[in-house]
Structure formats: structure tokens, C-alpha cells
Amino acid sequence: MIERQIKLNETEDVQEFVKEAAKCSFDIDYNRIIIDAKSLLGILSMDLTRELTVRCYGESQRFNAVMDKFAIA
């Protein structure tokens with residue numbers, strides 16, 4: 001399992017993140033409440049003013065690049 005801290009500031013960020021997450025064959029969850037990262041409505045229902053914890057139960061170089069883009073430094 002890979003765990004990262006990210007921040008999605010704009011609706012476009014959420015759309016990009018979900019689009020890439022949907023291409024992954026493994027599960028990806030958010031925060032303590034399990035929300036499917038492949039669900040646009042699920043992610044938009046989160047408080048996007050806070051940092052988010054993403055847990056990936058697999059690995060994809062392409063998705064890692066997306067997480068890098070939104071990672072908290």
C-alpha cells in the first residue's frame with residue numbers, strides 16, 4: 001500500500017485526479033472515511049480545503065505522476 005498527502009484546489013484538479021484513478025486496476029481510497037477515488041461525486045463531497053490522505057493498493061507510474069502533481073511538499 002502506498003499512502004500520500006495531496007491537495008486538490010480546483011474542480012479541474014479533481015476531474016484530472018479521478019480520470020487517472022479510474023484507469024487503475026487497484027483500489028484507491030481517501031482519508032479515514034473510505035471514499036472511492038474513482039468517483040467524481042465522492043471526491044467532490046469531500047472538504048477540499050483540507051489535505052487529503054490517499055491510499056493506493058497497487059502501483060501505476062502514470063498515477064504516481066498525478067499524485068506527485070498534487071502532493072503536499
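Residues here count as buried at under 20% relative accessible area, as exposed at over 50%, and as partly exposed in between, with a 1.4 Å probe and protein chains only. On that scale, 41% of the 73 residues of the protein are buried. The model is a predicted one, so to speak of a local feature takes a pLDDT of at least 70 and side-chain atom pairs count only at pLDDT 80 or more, while totals for chains, interfaces and linings use all residues. Numbering starts from 1 along each chain as its sequence is written, and side-chain values rest on heavy atoms, with hydrogens and water left out.

As for the overall layout, the protein has 3 helices and 3 strands, taken as DSSP runs (helices H or I with at least four residues, strands E with at least two) and numbered from the N terminus. Along the sequence they follow the pattern β-α-β-α-β-α. Contacts, meaning heavy atoms within 4.5 Å, reach well along the chain: of those in the protein with a separation of 6 or more, 67% are between residues 24 or more positions apart. The accessible surface of the protein is about 4,500 Å², and carbon and sulfur atoms hold 48% of that; the areas come from the Shrake-Rupley method with a 1.4 Å probe, and for residues only the protein chains shown count as cover.

Now to the sheet. The 3 strands make an open sheet in the order β1-β3-β2, with antiparallel pairing; two strands are said to pair if DSSP finds at least two bridges between them. The edges are taken by β1 (2-6) and β2 (28-30), each of which pairs on one side only. From one strand to the next, the twist averages 25 degrees. Angles like this one run from 0 to 180 degrees between N-to-C directions, the axes being lines fitted to C-alpha atoms, for helices over the stretch in contact. Strand β3 (residues 52-56) pairs with β2 over 3 bridges in the antiparallel sense, and with β1 over 5 bridges, also antiparallel. On the β2 side, Asp29 has Arg55 as its bridge partner in β3, and Ile28 stands opposite Cys56. On the β1 side, Glu3 has Arg55 as its bridge partner in β3.

Strand β3 is also mostly covered, with 5 of its 5 residues buried. Leu52, Val54 and Cys56 point one way from the strand, Thr53 and Arg55 point the other way, and all are buried.

Helix α3 brings in the next layer of detail. The sheet has β1, β3 and β2 in that order, with a twist that averages 25 degrees from one strand to the next. Helix α3 (residues 61-70) packs on this sheet and touches β1, β2 and β3, its direction making about 35 degrees with that of β1.

Aromatic pairs were counted next: rings of Phe, Tyr and Trp (its six-membered ring) pair if their centres lie within 6.5 Å, and planes under 30 degrees apart are stacked, over 60 edge-to-face and the rest tilted. The count comes to 1 aromatic pair. Phe17 and Phe63 have ring centres 5.2 Å apart and planes at 55 degrees, so the pair is tilted. Since Phe17 lies in helix α1 (residues 11-22) and Phe63 in helix α3, the pair ties together parts 46 residues apart in sequence. Phe17 is buried, at 0% relative accessible area, and Phe63 is buried too, at 2%.

That leaves the charged side chains. Side chains of opposite charge can pair when their charged atoms come close. With a salt bridge taken as a side-chain nitrogen of Lys or Arg within 4 Å of a carboxyl oxygen of Asp or Glu, the count comes to 5. One of them joins Arg55 and Glu3, at 3.0 Å from N to O. Arg55 lies in strand β3 and Glu3 in strand β1, so this pair ties together parts that are 52 residues apart in sequence. Glu3 is partly exposed, at 45% relative accessibility.

Glu20 takes part in two further contacts of this kind. With Lys23, the closest N and O atoms are 3.2 Å apart; with Arg62, the figure is 2.7 Å. The Glu20 and Arg62 pair links distant parts of the chain, helix α1 and helix α3, 42 residues apart. Through shared partners, salt bridges join Glu20, Lys23 and Arg62 into one network. Within this network, Glu20 is buried at 10% relative accessibility, Lys23 is partly exposed at 48%, and Arg62 is exposed at 53%.
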